[in-house]
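This briefing goes through one protein chain, from its overall make-up down to single residues. Please keep the structure open while reading.

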Amino acid sequence: LCGMVLAAALGLSAGGVAGTQEPSSPHNASGTGGKTKDQPRDLPLELAPQIGFNSNNFVSLSGDGKLFVTCSNDKTATLWETATAKQLQTFQGHTKILSRAVLSADGKRLVTCSEDKTAILWDTSTGKQLQTFEGHTRNVSSVALSVDGRLLVTGSHDAAAILWETATGKQLQTFQGHKHFVTSVAISDDGKRLVTGSTDATAILWESATGKQLQTFKGHTNSINSVALNGDVKLLVTGSSDKTAILWDTATGKQIMDFQGHTSSVSSVAFSSNAKVLVTSSFDKTAILWEPMTGKKLQIFQGHTHYVSSVSLSGDCKLLATGSWDKSVILWQLGTDKKLQTIQGHIDRVTSASLSGDGKLFVTGSWDRTAILWETATGKQLQSFRQKDWVSSVVLAAEGKLLVTGSLDSAAIAWDTATGKNLQTFKGNAGKGPTGTSVAMSDDGKLLVTGFPDKTAVLWETATGKQLQTFQGHKGSVTSVSLGRDGKHVVTGSLDNTAILWDASTGKRLQTFKGHTNAVVSVALSRDGQLLITGSWDRTAILWDAVTGKKRGVLVGHSDLVIRVALSQDGREAVTASADKTAILWETSTANKRQVFQGHHDEISGVGLNNKSKHLWTSSLDGSTRLWDPATGKERCRLYSLDAGKEWLVITPDGRFDGSPGAWKFVAYREPGTLKMHYDDATLRRYHRPGLLAEMWK
């Protein structure tokens, strides 16, 4: 999984916001609010949130080690300054998860590749796309640049590699010879030869100009995950899922050395140009420094708490970077056990969101296994709730006194929002489904319905945990549930492509809704019980007459899976959210599209309308929750929960921000077209606006 750090830079005028008094920062309680001698000169700045990645599985250093790049599962890549660990630039353009992100030797160019079948060349100073490389028919899994930056090679799950001219995007050569996925590629310094590694457990050396196969390397017993060449191309190293790395003679194809020391798959290898340093990383959470020609283990790097998925060496071999699934990058000084920097991701995927009836509170659920309760007037995090697995769904009772969370572990929990106390746990049968446990609650909070992967839904008495009714009839996992306002009717959606309306008291099936051609993953019943909306992986939503089971309209407008649906309280408007990163507001009487909301850079996972559709909320796997103006489709602000609920940050498109005292460290401003950053107190004071969320909520 790979994608990049959240939040693209936002345009900002250095003059701040007209008519707003400049407050003091928590760093300087006696801030003057006026001109100070340390206040920066007026210039256009861009807000660059220092939020980090929500998951990291690749890291690449520039040749001089001054810069490095990470990619994250939110489909973005991020450029960092090694010395300060500051985020310099965010690169957003791929439509699916990134596989790799590689810096040029001079750090001026970046190449990313993705499951969207493309690779993109970027200018690191401006963040602009310079070239897009299209030609593969499946995921592009790996990429490498020649030292002079003129040539680019990509490897793909279509079992081929392609050589490209970076300046023109022209396809120069295609390399086909593997029986399965190409997982990794490397290119010689002069660009004349390249190597591909594959899940067929072989590596191949090729002549770049002709596409001629020069040598095949056989010896691994499992997939080759990474390949690296030394400077004169006499040596090749491969890392494999068989837990070993092998050093090869490229002229003869013979093994020189077998490196055994990892207890799990070798995920990545890095080789110095002079062949004096070799580093391997592994899913055993370590990286190892080896003496290549003797196989001697020189150093073990331990510090990550999850798979180490990539390693990168600086050109002078003094600096090593390791990237891990624990959402961190560690920078090491070779020859010592010294950690120079640990760069930690501060956000995780937001999977769901819910508003209280009066709009004063809302809750977000996340992959970090927490749900966070927020106060809309202040943006303050009021309470944090933790489950054993990632939180798949959340719902607040009308008055906001009760919260229920559903989790991937087939369980739901009712919480007291004031105290954070676990009031009741509702368990389903063992098993995990792709959407986890879904939850819905009656307005008064007395009744709760849960949907489970075991194809059932259950109605509970919230206060006692008593099971009142079980609904059985679906042929696939129950992915979503909705409960009528009065608690008399339950609606379930399922992987079997249907939705069912049930009598809550008897468990009797009242109506089956058939019309989707793929899983129904979201359902919502109007407050009067007359209108039902279903959202499906077939990229559509359908409006139904809940009483007769007849279609009222089909909502077609998304280019990818529909993930969430919601209805306004009066049932006049509906909103759909999609994996295409957009949300759409619809008029239910006509099934006409009223507004499209664009801005997220990953799948929208939660959506909600408040009273009279004055505000629209969306939550996303990019880690943000955003507030929109339904009338204009414009973003009002976005909200981040940082470090599993310890800090919070609100930012607006014009560059203002507010947050907890500890969140100030996550804010910086960049001069457009450069990598120069401003994060001094004077700059931060200029754009800090206390009560920003309340202002946006009005």
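The chain contains two helices and 62 strands. The model is a predicted one. The points below start with the whole chain, then turn to strand 9 and its surroundings, the nonpolar cores, a four-stranded sheet and a few single residues.

**Whole chain**

- The radius of gyration is 27 Å, which agrees with the value near 26 Å for a compact globule of 698 residues.
- Measured out along its principal axes, the C-alpha trace covers about 75 × 65 × 45 Å.
- Of the 698 residues, 62% are buried.
- The accessible surface amounts to about 26300 Å², and carbon and sulfur atoms hold 47% of this surface.
- Among contacts with a separation of 6 or more, 46% are between residues 24 or more positions apart.

**Strand 9 and its neighbours**

- Strand 9 covers residues 118–123, and six of its six residues are buried, so the rest of the structure largely encloses this strand.
- In a regular strand the side chains alternate between the two faces of the sheet.
- In strand 9, Thr118, Ile120 and Trp122 point one way, while Ala119, Leu121 and Asp123 point the other way; all are buried.
- Strand 8 (residues 109–114) runs antiparallel to strand 9 and is joined to strand 9 by five bridges.
- Within this pairing, arginine 109 has aspartate 123 of strand 9 as its bridge partner.
- Three residues lie between the strands in the hairpin of strand 8 and strand 9, where lysine 117 has a positive phi near 80°.
- Strand 10 (residues 129–134) is also antiparallel to strand 9, with five bridges between the two.
- Here leucine 121 is opposite glutamine 131 of strand 10.
- The hairpin of strand 9 and strand 10 has five residues between the strands, and glycine 127 in the turn shows a positive phi of about 80°.

**Nonpolar cores**

- In soluble globular proteins, nonpolar side chains tend to be buried together.
- The largest nonpolar core has 29 residues, of which Ala77, Leu110, Val111 and Leu152 touch the most other members.
- Elements that give two or more residues to this core include strand 4 (67–72), strand 5 (76–81), strand 6 (86–92) and strand 7 (98–103). Strand 8, strand 9, strand 11 (140–145) and strand 13 (160–165) also do so.
- A second core of 15 residues is separate and includes Leu47, Ile651, Ala663 and Val667.
- Leaving aside residues up to four places away in sequence, valine 111 touches Ala119, Ile120 and Leu121, as well as Arg100, Ala101, Val102, Val143, Leu145 and Leu152.

**A four-stranded open sheet**

- Four strands form an open sheet in the order 43-44-45-46, paired in the antiparallel sense.
- The edges are strand 43 (478–483) and strand 46 (509–514); each has a single partner strand, so one side of each has no neighbour in the sheet.
- On average, neighbouring strands of this sheet are turned by 20° against each other, direction ignored.
- Five bridges link strand 43 to strand 44 (residues 489–494) in antiparallel pairing.
- Across this pair, leucine 483 is opposite valine 490 of strand 44.

**Positive phi in loops**

- Most residues other than glycine have a negative phi.
- Alanine 159 has a positive phi, near 70°. This alanine 159 sits in the loop between strand 12 (151–156) and strand 13, and is buried at a relative accessible area of 16%.
- Valine 233 likewise has a positive phi, near 65°. The loop that holds valine 233 runs between strand 19 (224–229) and strand 20 (235–240), and valine 233 counts as buried, with 4% relative accessibility.

**Alanine 228**

- Alanine 228 belongs to strand 19 and is buried, with a relative accessible area of 9%.
- Not counting residues up to four places away in sequence, alanine 228 touches Ala186, Leu235, Leu236, Val237, Val269 and Phe271.
- From C-alpha to C-alpha, alanine 228 and serine 268 are 9.1 Å apart, with their positions 40 residues apart in sequence terms.

Methods. Residues numbered from 1 in each chain as written. Heavy atoms only, no water. Buried < 20%, exposed > 50% of the residue type's maximum accessible area, 1.4 Å probe, protein only. Pairing = 2+ DSSP bridges. Core = buried A, V, L, I, M, F, W, Y, C linked by side-chain atoms within 4.5 Å. Contact = heavy atoms within 4.5 Å. Rg over C-alpha atoms; globule rule 2.2 N^0.38 Å. Areas by Shrake-Rupley, 256 points an atom, 1.4 Å probe, with all protein chains shown as cover. Axes fitted to C-alpha atoms, helices over the stretch in contact; angles between N-to-C directions.
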